[in-house]
Amino acid sequence: MTKLLQALLTGLLFTFLLDAFIFVGIKINYIDFHHIPVYYNVLFADHQNIYIFTLFTLLIDFVITYVNNAKLSLIFVGSLFVLATATLIAPIGKMLGEMMLLQKDIFLKDKKYTYRGDSYYRGRKQITFYDYELKKVIILDKKRLLKD
């Protein structure tokens with residue numbers, strides 16, 4: 001039981017560390033690039049995928065604790081670390097941010113207007129939106145938008 005608990009905690013720690021680096025890269029290279037007013041903590045908390053996090057936690061648990069080849073474990077965890085920190089490279093972090101957060105060519109409506117453009121980020125209360133007609137980034141309040 002102790003080895004199982006140790007494996008779980010080790011996997012959680014390493015997965016959390018890898019996840020933190022991924023979101024730092026997205027924050028620096030996508031969120032800050034588009035001047036989106038969101039804190040790292042909100043970005044990190046709102047965009048977690050519990051299934052992927054759990055899968056990597058269990059995978060890292062198994063590799064670190066139960067694989068008896070230290071070299072293989074180090075290569076595996078090191079490769080994951082290199083992939084996670086690669087988001088600190090501007091084009092990679094921006095591309096991953098776009099894959100996760102950008103919605104291209106969408107329509108949003110409120111009582112008076114219809115907006116057509118790209119949604120850069122959907123926050124808790126606001127949407128950062130590039131309007132094609134205005135040719136600029138605007139902030140839309142989610143409460144004022146009509147549901148489709």
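**Exercise 1. Is Asp 32 buried or exposed, or does it fall in between? And which residue does Asp 32 pair with in a salt bridge?**

*Solution.* Start with Asp 32 in this predicted model. Its relative accessibility is 35%. Buried would need a value under 20% and exposed a value over 50%, so Asp 32 counts as partly exposed. Next, look for its partner: Lys 27 forms a salt bridge with Asp 32, and the closest N and O atoms are 2.7 Å apart. The cut-off for such a pair is 4 Å. Now check Lys 27 with the accessibility rule. Its relative accessible area is 16%, so Lys 27 is buried. There's a handy idea behind the pairing: side chains of opposite charge can pair when their charged atoms come close.

**Exercise 2. How many salt bridges does the rule give? Then work through two more of them, starting with Glu 98 and Lys 94.**

*Solution.* The count comes to five salt bridges.

Take Glu 98 and Lys 94: their side chains meet at 3.5 Å, N to O. Where do they sit in the chain? Both are in helix H5 (residues 90–101), four residues apart, which is about one turn of the helix. As for accessibility, Glu 98 has a relative accessible area of 29%, so it is partly exposed. Lys 94, at 26%, counts as partly exposed too.

Now take Arg 116, which forms a salt bridge with Asp 105; here the closest N and O atoms are 3.0 Å apart. This pair links distant parts of the chain, with Arg 116 in strand E2 (residues 114–122) and Asp 105 in strand E1 (residues 103–109), eleven residues apart. Arg 116 is at 38% relative accessibility, so it is partly exposed. Asp 105 is at 40%, which makes it partly exposed as well.

**Exercise 3. Describe H5: what is its span, which of its residues are buried, and what covers them?**

*Solution.* Begin with the span. H5 has twelve residues and reaches 16 Å from its first C-alpha to its last, close to the 16 Å expected at 1.5 Å a residue.

Next come the buried residues, which are Gly 93, Gly 97 and Leu 101. They cover an arc of only 40° around the axis, so they lie on the same side of H5. Turn to the face pointing away from that buried side, and you find the exposed residues Pro 91 and Met 99.

Finally, ask what lies over the buried residues. The cover includes helix H1 (2–31), helix H2 (40–46), E1 and E2.

**Exercise 4. At what angles does H1 cross H5 and H4, and what do those angles make of each pair?**

*Solution.* Two packed helices are described by the angle between their axes and the distance between the axes, so collect both values for each pair.

For H1 and H5, the axes come within 8 Å and cross at roughly 95°. The range 65 to 115 degrees counts as roughly perpendicular, so that is how H1 and H5 stand to each other. Residues of H1 that take part in the meeting include Ile 22, Phe 23 and Gly 25, while those on the H5 side include Ala 90, Gly 93 and Lys 94.

For H1 and H4, the axes come within 7 Å and cross at roughly 25°. That makes H1 roughly parallel to H4. Here Phe 14, Leu 18, Phe 21 and Ile 22 of H1 meet Val 77, Leu 80, Phe 81, Ala 84 and Thr 85 of H4.

**Exercise 5. Which residues does Thr 15 touch beyond its close neighbours in sequence?**

*Solution.* First place the residue: Thr 15 is found in helix H1. With a relative accessible area of 5%, Thr 15 is buried. Leaving out residues up to four places away in sequence, Thr 15 touches Phe 53, Phe 56, Thr 57 and Ile 60.

Now look at helix H3 (residues 50–66), which has 17 residues. Its buried residues include Phe 53, Thr 57 and Ile 60. What covers the buried residues of H3 includes H1 and helix H4 (70–85).

**Exercise 6. Where is Ser 119, and what is it in contact with?**

*Solution.* Ser 119 sits in strand E2. At 0% relative accessibility, Ser 119 counts as buried. Setting aside neighbours within four places in sequence, its contacts are Leu 101, Leu 102, Gln 103, Ile 106, Ile 127, Thr 128 and Phe 129.

Technical notes:
Residues are numbered from 1 along each chain as its sequence is written. This is a predicted model: local features need pLDDT of at least 70, side-chain atom pairs count only at pLDDT 80 or more; totals for chains, interfaces and linings use all residues. Side-chain values use heavy atoms; hydrogens and water are left out. Buried means under 20% relative accessible area, exposed over 50%, partly exposed in between (1.4 Å probe, protein chains only). Helices (H or I, at least four residues) and strands (E, at least two) are DSSP runs, numbered from the N terminus. The expected span of a helix is 1.5 Å times one less than its number of residues. The arc is that of the directions from the helix axis to the C-beta atoms. Contact means heavy atoms within 4.5 Å. Axes are lines fitted to C-alpha atoms, for helices over the stretch in contact, and angles run from 0 to 180 degrees between N-to-C directions. Angles under 35 degrees count as roughly parallel, over 145 as roughly antiparallel, 65 to 115 as roughly perpendicular and the rest as oblique.
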